[in-house]
Amino acid sequence: MANYKSNKLIALLFTALFITACSESGNDAAVSADPEAALKQLMHEAKEAQAHAHQLGFEWSNTQSILDEGQAAQKAGDHAKAHALYQEAKHQSVLAVEQANYANEHWQLLVPGK
Amino acid sequence: MQEKRRLLLKSVLGFTTVLGAVAAMPKLAMAKWSKAFDIENVDGALGELYGSNEMAASDQIKLKVPEIAENGAVVPVSVKTDLPNVTNISILADKNPQPLAASFIIPEGTAADVSIRIRLGETQVVSAVVESNGKLYTTEQEVKVTIGGCGG
Amino acid sequence: MKAITYLSLALLGAGAFAAPTYADPKADNEVMHEFFKKRFPNVEFAEFSNGVYAFDENAREQWLEIEDFPPYEDAVEHGQTLFETPFANGKSYADCFENGGLNIRQGYPKFDADSGQVVTLELAINECRTANGEEALPYGRGDIAAISAYMATTSAGEIINVVVPSDPKALAAYEAGKKLFYERRGQLNMACATCHVHSAGGQIRADILSPALGHTTHFPAYRFAVEDLVTIQHRYAGCNKQVRAKPFELQSEEYRNLEYYHAHMSNGLPVNGPGSRK
Amino acid sequence: MKVKAKMKKDMAVVKLLAKHPMETGLRKDKKTDKVIPAKYIQELICKHGDKVVFEANFGRAVSKNPYVSFSFAGAKKGDALELSWADNTGETLVVDAVIK
């Protein structure tokens with residue numbers, strides 16, 4: 001009963017990881033150019049992704065605390081840590097949006113059949 | 001368990017020894033709330049409460065506890081015995097911070113049959129100690145406490 | 001047949017609905033009840049009201065001992081006092097509900113045709129308060145759960161009969177609740193149905209998973225984890241957090257729709273709230 | 001404290017649920033991270049007339065809102081019971097109950 005979804009799920013996770021991996025390398029380049037601005041941009045993206053996930057009703061419960069931690073790290077001057085946390089928050093929300101899209105199309109797979 | 005119970009005499013032979021050893025009247029008759037509740041090991045608590053920790057295992061004590069606690073914060077425990085002239089029943093949980101959980105004084109006319117709900121912090125042995133004719137008898141059972149999960 | 005009727009009604013009813021709803025609540029229940037009967041062949045149908053205690057002997061024994069003198073008795077009495085105490089304007093809860101608010105739990109949640117919304121018992125309690133100039137009570141636990149629990153006791157043994165009328169908005173609400181029930185969400189990627197349909201009776205860490213069928217019969221429930229009476233939506237929020245999904249607001253449209261679907265599923269089972277649960 | 005006392009054959013069966021937090025003194029407040037001071041019932045006594053028919057002494061392991069049941073002989077329907085508890089902070093409560 002449970003197996004029919006695992007392949008799709010794995011595919012979904014890989015897609016998300018791939019997306020993240022790409023955006024990460026992009027941001028890394030930006031960090032070296034203008035760390036402050038890049039960090040701000042990343043935080044902005046993370047918040048936008050979070051808002052999108054939230055609007056779909058699929059925000060994860062720990063995203064906000066990761067963002068908060070990131071902001072605390074940024075304030076304390078630990079840019080590397082802040083970067084990692086913002087990245088994580090954004091990553092979560094990207095996955096959450098994927099999850100919402102998937103659920104919207106495939107929720108009926110979990111409904112018991114006759 | 002082993003060393004804590006080194007004084008627990010399980011044989012009939014041991015039982016006769018106990019007769020002599022607990023001849024002295026237990027302190028409990030006069031005691032109000034006992035310091036035994038503060039003591040952090042079974043032997044010490046029993047010694048403080050009864051003036052002795054020599055006990056005989058008895059199959060005449062029915063200790064009813066769950067094998068697996070549905071909820072460690074509220075574990076129903078019942079003790080019932082047909083032993084004669086019961087004056088006191090105590091319940092101990094060996095791995096709780098203070099093993100002595102409750103102690104009941106049973107006057108004449110009151111049944112040696114009590115129930116209570118106790119907390120168990122982890123999987124451990126729950127024992128009932130019954131004072132009958134001035135002597136101590138005991139029985140015990142392990143209760144598994146599972147922690148974690150979502151509430152089902 | 002019925003499905004076609006509903007479908008055509010849905011189509012007729014609404015330019016507002018982009019997609020027609022295909023819900024047939026009655027057929028859903030037939031399938032669901034069969035599913036659980038098959039999964040738990042030794043459980044009498046009415047016993048599904050007792051959750052895991054219907055099939056976990058060891059837990060049932062302890063539960064019965066607790067229910068013999070349950071820790072929520074005080075709270076239910078408190079709820080009765082609140083229920084019977086008139087508002088400042090002299091009116092009372094009894095004036096807001098059919099049959100004076102007694103023996104009505106089995107029909108909730110209800111669909112309100114005027115507002116086009118699902119009305120849960122707790123929402124109705126608060127609407128009664130605000131209509132009479134009183135402040136709404138906070139949802140989840142406390143007084144609202146106590147009042148709701150008292151009202152549930154007046155329906156003890158009554159058979160649950162949640163009605164989904166042939167109103168496209170009602171069917172849409174039911175369908176939305178159903179969808180929510182089957183959508184995987186949160187970091188753990190789990191739906192309500194993952195645990196409480198497809199893994200019901202199985203184990204998650206130390207706990208045995210309860211079947212969804214019968215969930216709503218015993219709410220508000222006294223949860224030992226909370227040491228208090230809580231409403232079903234308080235539990236929804238808890239479950240959502242446990243799969244690391246951000247919960248919806250209590251009594252949000254999402255949770256009301258979910259409760260509608262969830263409670264309807266238990267049609268035919270007796271009301272036995274409040275009950276004590278882990 | 002809620003008390004249910006009723007005759008069963010020639011024994012009065014008493015079940016009670018005392019409303020009490022039974023704080024162990026080992027728990028921390030999640031918000032303030034401060035230890036919540038111990039507050040637990042130490043003694044619970046049931047009197048039938050002048051006679052003490054039951055006395056329970058509790059440690060910290062007794063559950064929140066303690067539940068106890070016991071039974072005793074020599075009572076009849078309609079008799080009054082006096083139940084009382086005292087906790088480690090000196091707080092006490094006395095309630096009356098009637099055997100049904």
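Here is a short tour of this predicted model, one selection at a time.

Start with chain D on its own. Colour by secondary structure and you'll find seven strands and zero helices, so the pattern along the sequence reads β-β-β-β-β-β-β by the DSSP runs used here. Turn the C-alpha trace around: along its principal axes chain D spans about 50 × 20 × 15 Å. Of its 100 residues, 48% count as buried.

Next, pick D:Lys6. You'll land in strand β1 of chain D, which covers residues 2-8. Is D:Lys6 buried or exposed? With 54% relative accessibility, D:Lys6 counts as exposed, because the cut-off for that label is over 50%. Keep D:Lys6 selected and add D:Lys8, D:Lys9 and B:Lys80: together these four lysines form a positive surface patch.

Now hop over to chain C and select C:Ser210. This serine sits in the loop that runs between β4 (207-208) and β5 (221-223) of chain C. C:Ser210 counts as buried, because its relative accessibility is 8%. What does its side chain reach? Show B:Gly152 as well: the side chain of C:Ser210 comes to the backbone oxygen of that glycine at 2.7 Å.

Stay in chain C for the last stop, C:Met151. Look for helix α7, residues 143-153, and you'll see C:Met151 in it. At 1% relative accessibility, this methionine counts as buried. Finally, add C:Phe83 and draw a C-alpha to C-alpha distance: C:Met151 and C:Phe83 are 8.4 Å apart in space, with their positions 68 residues apart in sequence.

Methods:
Residues numbered from 1 in each chain as written. Chains lettered and ligands numbered in written order. Predicted model: local features only at pLDDT ≥ 70, side-chain atom pairs only at ≥ 80, totals over all residues. Heavy atoms only, no water. Patch = residues over 30% accessible without salt bridge, like charges linked within 9 Å, V, L, I, M, F, W, Y side chains within 5 Å. Areas by Shrake-Rupley, 256 points an atom, 1.4 Å probe, with all protein chains shown as cover. Salt bridge = Lys/Arg side-chain N within 4 Å of Asp/Glu carboxyl O. Lys, Arg positive; Asp, Glu negative; His and termini not counted. Charge placed at Lys NZ, Arg CZ, Asp CG, Glu CD. Helix = DSSP H or I, 4+ residues; strand = E, 2+ residues; numbered from the N terminus. Buried < 20%, exposed > 50% of the residue type's maximum accessible area, 1.4 Å probe, protein only. Polar contact = N/O pair within 3.5 Å; in protein donor to acceptor, adjacent residues only side chain to side chain.
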